[in-house]
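Biologist: Got a minute to go through this one with me? I'd like to start with the helices and then get to the chain contacts.

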Protein chains: 4
Amino acid sequence: MEHHVKDPNLVKQGRQRIEWAEIEMPVLRSIRERLTRERPLAGLRIAACLHVTTETAALMRTLVAGGAQLRLCASNPLSTQDDVAAALVEEQTAVFAVKGEDRNTYYRHINQALDIKPHLTMDDGADLVSTIHSTRQELLKEVIAGTEETTTGVIRLRAMARDGALKYPMVAVNDAKTKHLFDNRYGTGQSTIDGLLRATNLLLAGKTLVICGYGSCGRGLASRARGMGAQVIVTEVSPLHALEAVMEGYQVLPMLEAAR
Amino acid sequence: MEHHVKDPNLVKQGRQRIEWAEIEMPVLRSIRERLTRERPLAGLRIAACLHVTTETAALMRTLVAGGAQLRLCASNPLSTQDDVAAALVEEQTAVFAVKGEDRNTYYRHINQALDIKPHLTMDDGADLVSTIHSTRQELLKEVIAGTEETTTGVIRLRAMARDGALKYPMVAVNDAKTKHLFDNRYGTGQSTIDGLLRATNLLLAGKTLVICGYGSCGRGLASRARGMGAQVIVTEVSPLHALEAVMEGYQVLPMLEAAR
Amino acid sequence: MEHHVKDPNLVKQGRQRIEWAEIEMPVLRSIRERLTRERPLAGLRIAACLHVTTETAALMRTLVAGGAQLRLCASNPLSTQDDVAAALVEEQTAVFAVKGEDRNTYYRHINQALDIKPHLTMDDGADLVSTIHSTRQELLKEVIAGTEETTTGVIRLRAMARDGALKYPMVAVNDAKTKHLFDNRYGTGQSTIDGLLRATNLLLAGKTLVICGYGSCGRGLASRARGMGAQVIVTEVSPLHALEAVMEGYQVLPMLEAAR
Amino acid sequence: MEHHVKDPNLVKQGRQRIEWAEIEMPVLRSIRERLTRERPLAGLRIAACLHVTTETAALMRTLVAGGAQLRLCASNPLSTQDDVAAALVEEQTAVFAVKGEDRNTYYRHINQALDIKPHLTMDDGADLVSTIHSTRQELLKEVIAGTEETTTGVIRLRAMARDGALKYPMVAVNDAKTKHLFDNRYGTGQSTIDGLLRATNLLLAGKTLVICGYGSCGRGLASRARGMGAQVIVTEVSPLHALEAVMEGYQVLPMLEAAR
């Protein structure tokens, strides 16, 4: 099976980490049991462009268990976990992703993923769908549908749809309440704190944090930052969201004043 | 039994309210059981000058159960609950307290309480102890000891003790951890919120509250105010307490800036 | 002007309390300025059945300032503030409301409010709209539209609309984001705490509170109860809302277990 | 200058990280200015056994600026930052520490640090002081005093002092309010969350965390864990601390029930 990962020796570590992640994914595990029995994806080819992490890996294994043929490339060259990439190759997912890959490699990997001639595409930032529509239009005739993960990708696709430019139907995963109410609020909330701690090694208690925007991500982060003892200032263009931030006890300021 | 309360017809209501309060006082209830059996206070005369409320009433009933002879006056003319006063009279506590009593009545009641010739005094603001030391010194020879409830009273008594002016030993109830860690922090914290709501009828969410001082009371109130959605600013003269407030995520400002 | 209030002597106190409330209603105040200039409601007759409180009074004064002719009755016999009722009568709002009025008086007042032959109705619980549709159908021909404040009222009206029984258009005020995101969450959240404190005189810190339902009101209350130091258990039938409650760190239990 | 670090090439990275840390240490910086002027430590030899991290490095640089001659070894073989160790050697601190060093190396390094024949010892776990008292007693005659950082070390030293076994005076740094009120509560609180995130990669929101002990560290962690959306259960042997945990709204359980 064609693929491109950094180091096949990382398989064992990757597999252990995927299995650890799956412990916390009971819903996906029960879906996998059903897919394993029913094999509804048999004969389907899927190209996926997602963060190549343990969580995505659990999803890939589930699709393979359902009978799908899979190619996976990275939606972000920096988030790829090389051990997970290696482990997936062992489990019939053709991965094209190396952490820190340069721009050319990144786009070559996208095209290699598309070489599967997908029936379905899975995007996190609309890279597959836009590559197909721009330079790989020959693939359009076989594509049945696609999924898109993020707010940004969905906005891009909605614009395409409005212009009549979108040639196949897309499922906006981000619109699912279980996505934006949880992933954005709690997931991004915690991840951003985590990232801040790893990057700065600072004590958050007593610090002032300015959060730009009080949407799902912003309010998740605001809540976590306060929970870590920081004093939170919110900036926001929507009057309604600004008012909510005030009512939660945050200081709300124009960005210029907040930055002072 | 000599006494002075507003309206003896309030007995039933007062008793019901005392019993409601006692439900939440399991420790006092178990002490009462022991005192009832052992009667260690038999023959002791006690003068108490405390808030005449349901909670004090539960304490008075306990002392009576232990065999004490009791007179109770109010440590604050505004907090007296006339129904509770009436109910106590029915249960062998000689109460001298009427809600809203004027200054003269207030001091007459203190003296009437002292007319019991106490072995023990119970103060919440040092009124009994200071009256005894100034105008009722003939009582000193029978007093064994006293208790004092508040920070302010304790400060006053410590000054007297330093000057050699304090003629009998006092227990500083306020120094008990179960007093200042709980009553001051949680009790005063909630009561102040309660008072604010009743007095102003304002929505606290989104309001800015300035709290002067971050001692036990101040931090209790800060925590409750934030819990009600207010944005909290703390002013504080102690650098250590100010730092703690900062670390809890509060804005700390000089009072002049806070008041702006 | 025909009216029925408890005591005309309460005018001054009522007016002071209305003015205090208006300090916190800057949006309504700026709307009133515009209505005073433009008088867009001149010639319109309005019947309102709302809580007769300071906040409603501020709204009534605003409508009068816009030129409307007004009759107001109570949507709840227990929430009527008699001083506010008296003050409103002085300012050209015909009030029919006495705190604690019995069932017959309550319905007589509704009918007296409707005697104005309204062009517009304002409901908080659908009493005017349902009375018009059942026993006062002669009024229907002049009614242009109405507003309804609460979730319950809106549900009732939606059912009527579905059956084709609703004879004039209604604005569901509750659907406004500034209503259910704020009034329900922050308003009801605080009011319920306030009510609990006044009714029980309990210290909330350390208590366990079971909150049935994690909608706008429920999550507002949960947040405030936790903010007062209570341990919060949520019960909820919607899996999505239940999951949100879990993610906020509340214990979520079936009602039977929660009640234990 | 004798020393033992992993890789001298890490100097530049180490120095950058120390400087980053110093930005957040304004008090230490102002002390350093004074020490640089006054050189009160000139002629003093100091042996330090501390976590070899950026924060300790800032302290070492300050002591060197004050004129001290310094040897530093690691109080924990796992926390050593090799780049910081390398950078310190360039700045006249003789470091003996390699991340992950084995038991023998660890103790050899302690002895090499003591070879400076210290006037002062700085401990974080009492390793220098106990080595001096057991196998290096010849050093005792020159030692003036020492400092000890942690609760555990202080407990050990107090036991020695009680038995008359402690041969030189120690400063219990942990007793400083700015240590245990801040480092333990906010520092350990955040660090434990940080460690949990790095080790487990789990979403804390909605998880149940059992915290054993509600002292300074435990209450810091409890507050942070709740701030991250976890449901917190506390176990505690002290009734007073247990009561405080209850009043903060945590569930308090015996450890056996908590572990279920």
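Modeller: Below we talk through some helices, two interfaces and a few salt bridges.

Biologist: Any ground rules before we start?

Modeller: It's a predicted model, so to speak: local features need pLDDT of at least 70, side-chain atom pairs count only at pLDDT 80 or more, and totals for chains, interfaces and linings use all residues. Residues are numbered from 1 along each chain as its sequence is written, chains are lettered from A and ligands numbered from 1 in the order in which they are written, and side-chain values use heavy atoms, with hydrogens and water left out.

Biologist: OK, helix α2 of chain D. How many residues does it have, and how far does it reach?

Modeller: α2(D) covers residues 26–38, 13 residues in total, and spans 19 Å from first C-alpha to last, close to the 18 Å expected at 1.5 Å a residue. Helices here are DSSP runs of H or I with at least four residues, strands are runs of E with at least two, and both are numbered from the N terminus. The expected span is 1.5 Å times one less than the number of residues.

Biologist: Which residues of α2(D) are buried?

Modeller: D:Leu28, D:Arg32 and D:Leu35. They sit on the same side of α2(D), because they cover an arc of only 65° around the axis. That arc is taken from the directions from the helix axis to the C-beta atoms. Buried means under 20% relative accessible area, exposed over 50%, and partly exposed in between, with a 1.4 Å probe and protein chains only.

Biologist: And what's on the face turned away from the buried side?

Modeller: The exposed residues D:Val27, D:Glu33 and D:Arg37 are there. As for the buried ones, their cover includes α1 (11–23) and α3 (54–65) of chain D, where contact means heavy atoms within 4.5 Å. Right after α2(D) comes D:Arg39, with a positive phi near 45°.

Biologist: How many residues of helix α6 of chain D are buried?

Modeller: Seven of the eight, so to say mostly covered; the helix is residues 127–134. Among the buried ones are D:Leu128, D:Val129 and D:Ile132. The elements covering them include β1 (45–50), β2 (69–74) and α5 (103–114) of chain D.

Biologist: Switching to interfaces. How many residues are in contact between chain A and chain D?

Modeller: 23 residues of chain A touch 23 residues of chain D. The two chains bury about 2,000 Å² between them, 54% of it on carbon and sulfur atoms. A:Gln190, A:Arg224 and A:Met228 supply 28% of the area that chain A buries there, more than any other three residues. Buried area is the accessible area (1.4 Å probe) that two parts lose on being put together, summed over both.

Biologist: Which salt bridge can I look at across that interface?

Modeller: Try D:Glu24 with A:Lys207, at 3.1 Å, N to O. The rule finds two salt bridges across the interface of chain A and chain D, each needing a side-chain nitrogen of Lys or Arg within 4 Å of a carboxyl oxygen of Asp or Glu.

Biologist: What about chain C and chain B?

Modeller: That contact takes 23 residues from chain C and 23 residues from chain B, and about 2,000 Å² is buried between them, 54% of it on carbon and sulfur atoms. The salt bridge count is two. C:Glu24 pairs with B:Lys207, the closest N and O atoms being 3.1 Å apart. On the chain C side, α8(C) gives the most, with eight residues.

Biologist: Back inside a chain. Where do A:Arg15 and A:Glu91 lie?

Modeller: They form a salt bridge at 3.5 Å between the closest N and O atoms. A:Arg15 is in helix α1 (residues 11–23) of chain A and A:Glu91 in the loop between α4 (82–89) and β3 (93–96) of chain A, so the pair ties together parts that are 76 residues apart in sequence. A:Arg15 is partly exposed at 31% relative accessible area, whereas A:Glu91 is buried at 19%.

Biologist: And what does D:Glu91 pair with?

Modeller: D:Arg61, with the closest N and O atoms 3.0 Å apart. D:Arg61 counts as buried, at 14% relative accessibility.

Biologist: How many salt bridges does the structure hold?

Modeller: 72 over all chains.
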